[in-house]
Each structure stands twice: as C-alpha cells, then as structure tokens.
Amino acid sequence: MAELKVSAIREGTVIDHIPAGKGLEVIKILGLNRVNGGILLLAAHVPSKKLGRKDIVKVEGKFLSEEEVNKIALIAPNATVNIVRDYKVTEKFKVDVPEEITGILRCANPNCVSNHEYTTSRFYVVSKDPLKVRCHYCERTMEGEEILRNL
Amino acid sequence: MEWKGRDVISIRDFSKEEIEFVLRVAERLEEELNEKGSLDYARGKILATLFFEPSTRTRLSFESAMHRLGGSVIGFASASSTSVKKGESLADTIKTVEQYSDVIVIRHPMEGAARLAAEVAEIPVINAGDGSNQHPTQTLLDLYTIKKAFGKIDGLTIGLLGDLKYGRTVHSLAEALAFYEVELYLISPELLRMPKHIIEELRDRGVKVYESTSLEETIPELDLLYVTRIQRERFPDEQEYLKVKGSYQVNLEVLKNAKETLKVMHPLPRVDEIHPEVDKTKHALYFRQVFSGVPVRMALLGLTLGVLGE
C-alpha cells in the first residue's frame, strides 16, 4: 500500500478518511473529474483503523481551499485534507460543516420552488451536531437521513 | 433601518423593533386616513398584484391599501389567464412585471416562490402567502389588531385553536408572539398538534407554552382566542373529522366560561369554527382584524416604496 501514502504525490491535495464508497461522490461534488484537470487518483475500500474501510482521493496540481473542501462535510464529516508541496504535507485540516450549503443538496419538500424553477439550492445550517439545515426558499428543515437522501 | 426597496418575505426576517415600527406607522396612517379620507403618498406609483392562487381578503386589502395611498394597481387574480399557462417560468414573469410596476405583491402555491421572486426582482416584493410556508402581512395585521384591542401584547394569555400542525398563520403568529411576554395555550386535536420543533423554539425563547386538546378546559384562562379552520382533508376518516369539528366550535355556550373581556380572532375564511351568533358579541374581533389589513399593508407598501419618510 506504499503508493497510497500521502507523500506519493508531488503537488496537490489528498483527501483522506472518506467513508468507503463515497469517494466518487466527493470527486463529483468538488468537480475534480474535469478532463483538463490534474491527474486524479481514487483509492477505494482501503483498510483504516478509524473507519474500518475508507476511500482516499488525490488530485495532482490542485490545491483545494478549506472553503471548497467543506462542501463534502455532509457525506464525509471526518475527512482530513492534506495539501502536498514537493512531496511534503505542508498543510493539514479537517473538514467542517459550513454555515451555508449551496448547490449540492436538494430540498426534500416536493412543493419547494427550488425543485421547480431554475435556482441554486441554498441551506442554512441550524445545528451541526446533529446536522440540521433549513431551506433558504421554503424554510423547511431537514436532518440526518433525509439530508443524505437528497445529496 | 433601511426600508426603501426592502422585501417582505418571512416574519423570520424581522426583529421586534422592526415589527413595532411597522405597527406604529400603520397606526399613524390609520389616524391620518380617518382625518383626511384619502392620502397621496404613493401618487404615481404602481402596485402589481400577482395572485397565482385565489384569495379574497389579502388581494383586495392590498389593492385597497394602494388606492388609499393614492397609488394605482395592476395585476391578475388567477394564473390561468396569464403566460404562466404557456409554461413561462416564475422568474420570467417577475422580470416582466417589474418593468410595469414599482412594487410586487405575490401569492403562489409553492413554498419559497416569494423568496425567489425577491431575488429576481430589483423592485420590492411582498409575500402574500407562499404555499404552506409564510404569510407575514397576516401576522403583522394580527399583531396590530391585538395591540389595538388590548393596548399591549405583553402580559396576555393567548390560545391558538385549530389546525396547529399545518396552519402557516399560527406558525408565524406564534413565532412573532415569542418576541413578547405572553403565555400560549395550544389547543388542537391530537392529530393536528403544533410541530415539536416550533414548540421547542418557543420555549427556548422564553414563552410559557401549554398544550391541550380541550377548548372547554382552557377557555377560562384566556385573554385572546385565535381560531383557525380545521380542514376535512387532514382526517383519514369522516367520522373522526365530525367528532373533532363539533368539539372545537366557538359558540355562546362555550363562551359562557370565558372571561368577559375575552376577544376572539380568526384569519378567515371561517366555515363553522365560529358560530355566527358570536358575531354580535363583544368577543368578536375578527371583522376588526379584517379592517387592520388595510393600514398595515399601507404601511408596508409605503415603507418599501420609500414614500413615507420618517
């Protein structure tokens, strides 16, 4: 498993401790799968002491900001992010649920205008633990499973 | 606070001071209107009323308010006669209408529609009901009515009766009342109890909340009873509905146990939650409540248009 080590990429970002099976979604949410983007590596179902199994995503030549990475907090609340420069981890941070979630979550209320008109969905985080969000448009709240189902 | 150009979408967007300010402006306008008969603050301004869903009171009182301010009104009372029927998006409808008007009032069957309209429009948008979500001008006129009738809101014991689960009116009224020192009795059938998260929020904000299924037992405590309609379609079977309907009707018999000074409010339309025999008693405040719609909406139109000054 040596090639999975954080130091194995030269310049870029490594997102570790993603729940097993969620790596592809992380790539999608962060928009890392563009053809003209950097080299992208996904390691799936890697043994992990903390999670049992985990996914790891590495992207060459791209330094993700905390703000960008926080978008994945809903599906990978324990993810850690390593910024690698010249094979060394120069920065390390944990994802944090942002105050506002835009674009990645769909409102569970079928009668919410955001499900019918051209809009960017927007939610305010009412509580981080347990996670509870309020829709900017219809003002309904969603929590737990309901949030995951609408990602 | 800057009022000119502001949208009125949700009672959540308002602080207590802002609510009080609107009520004071409404009172001033009501007095001025009584003195002069008509006003001309909004002369040359045009209100567009976009009612994608039917309404009697809300639309007419907005239109009346604009006329009384000296402005004029355009609009539609049902979506069927508009380009919406051809598949036009809400955003396009709003962008079109704002070319013709200075302020928009919208009622729409979808939750969040008014918020979306406000984001699209450069001119102020006032929410006149978005699905089952918010109806902030109703809440403001309710507060205005209470203040006019009692001279205050603090210290009152208020009962909310009826469909507390789905009723948007009672949800936003309860949220607004939480700014004041009130005790709330939530009276409803088991099936239609106020959602737990709202009760928790009220308690967190220091309101004393009591839940009850019995109108008879609670009515002696109350200074004010706010009645809402219980809709037949909420009940899985007809028999259950009929049972509930009977036990929540406000009539002279029920009022025997009430304080003499008890006032009864209702956002209307009523079906049979309040017997017409109550109309002539001094308990009835619901037609006065209808009247309040005009000064409160005059205040909101005038403030958002920026024509009232201080």
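Domain bounds, as I will use them today, come from an automatic or database domain assignment. For chain B that assignment gives domain 1, made of 11-134 + 293-305, and domain 2, made of 136-290.

Before going further, a word on what we are looking at. This is a predicted model, in which local features need pLDDT of at least 70 and side-chain atom pairs count only at pLDDT 80 or more, while totals for chains, interfaces and linings use all residues. Residues are numbered from 1 along each chain as its sequence is written, chains are lettered from A and ligands numbered from 1 in the order in which they are written, and side-chain values use heavy atoms, with hydrogens and water left out.

Let me begin inside chain B. The C-alpha centres of its domain 1 and domain 2 lie 26 Å apart, and the contact between them, where contact means heavy atoms within 4.5 Å, takes 29 residues from domain 1 of chain B and 23 residues from domain 2 of chain B. The buried area, which is the accessible area (1.4 Å probe) that two parts lose on being put together, summed over both, is about 2300 Å² for these two domains, and carbon and sulfur atoms give 58% of that.

Which charged pairs cross this boundary? By the rule for a salt bridge, a side-chain nitrogen of Lys or Arg within 4 Å of a carboxyl oxygen of Asp or Glu, there are 5 salt bridges across the interface of domain 1 and domain 2 of chain B. In one salt bridge of the model, Lys148(B) pairs with Glu30(B), with the closest N and O atoms 3.7 Å apart. As general background, side chains of opposite charge can pair when their charged atoms come close.

To describe which elements take part, I need helices (H or I, at least four residues) and strands (E, at least two), which are DSSP runs numbered from the N terminus. The interface of the two domains of chain B also has 9 residue pairs in polar contact, both residues at pLDDT 80 or more; a polar contact is a pair of N or O atoms within 3.5 Å, where within protein one must be able to donate a hydrogen and the other to accept it, and residues adjacent in sequence count only if both atoms are side-chain atoms. On the side of domain 1 of chain B that touches domain 2 of chain B, at least two residues each come from α1 (16-36), α2 (57-68), β4 (125-130) and α11 (286-305) of chain B, and α1(B) gives the most, with 8 residues.

Helix α1 of chain B also holds a pair of its own, since the side chains of Arg28(B) and Glu32(B) meet in a salt bridge at 3.9 Å, N to O. Because these two residues are 4 residues apart in helix α1 of chain B, they are separated by about one helical turn. For exposure, buried means under 20% relative accessible area, exposed over 50%, and partly exposed in between (1.4 Å probe, protein chains only). Arg28(B) is partly exposed at 29%, whereas Glu32(B), at 13%, counts as buried.

Now to the meeting of the two chains. The contact takes 18 residues from chain B and 15 residues from chain A, and the area buried between them is about 1300 Å², of which carbon and sulfur atoms give 42%. In chain B, Met110(B), Glu111(B) and Leu116(B) lose the most area to chain A, together 39% of what that side buries. The rule finds 4 salt bridges across the interface of chain B and chain A, and Glu111(B) forms a salt bridge with Arg140(A), the closest N and O atoms being 3.7 Å apart. There are also 14 residue pairs in polar contact across this interface, both at pLDDT 80 or more. Of the elements on the side of chain B that touches chain A, α3 (90-97) and α4 (113-120) each supply at least two residues, and α4(B) gives the most, with 4 residues.

Finally, chain A has an assignment of its own, with domain 1 at 11-94 and domain 2 at 100-149, and their C-alpha centres lie 24 Å apart. Glu99(A) forms a salt bridge with Lys128(A), the closest N and O atoms being 3.9 Å apart. Glu99(A) lies in the loop between β5 (88-94) and β6 (100-102) of chain A and Lys128(A) in strand β7 (residues 122-128) of chain A, so the pair ties together parts that are 29 residues apart in sequence. Glu99(A) counts as exposed at 58%, while Lys128(A) is partly exposed at 38%.
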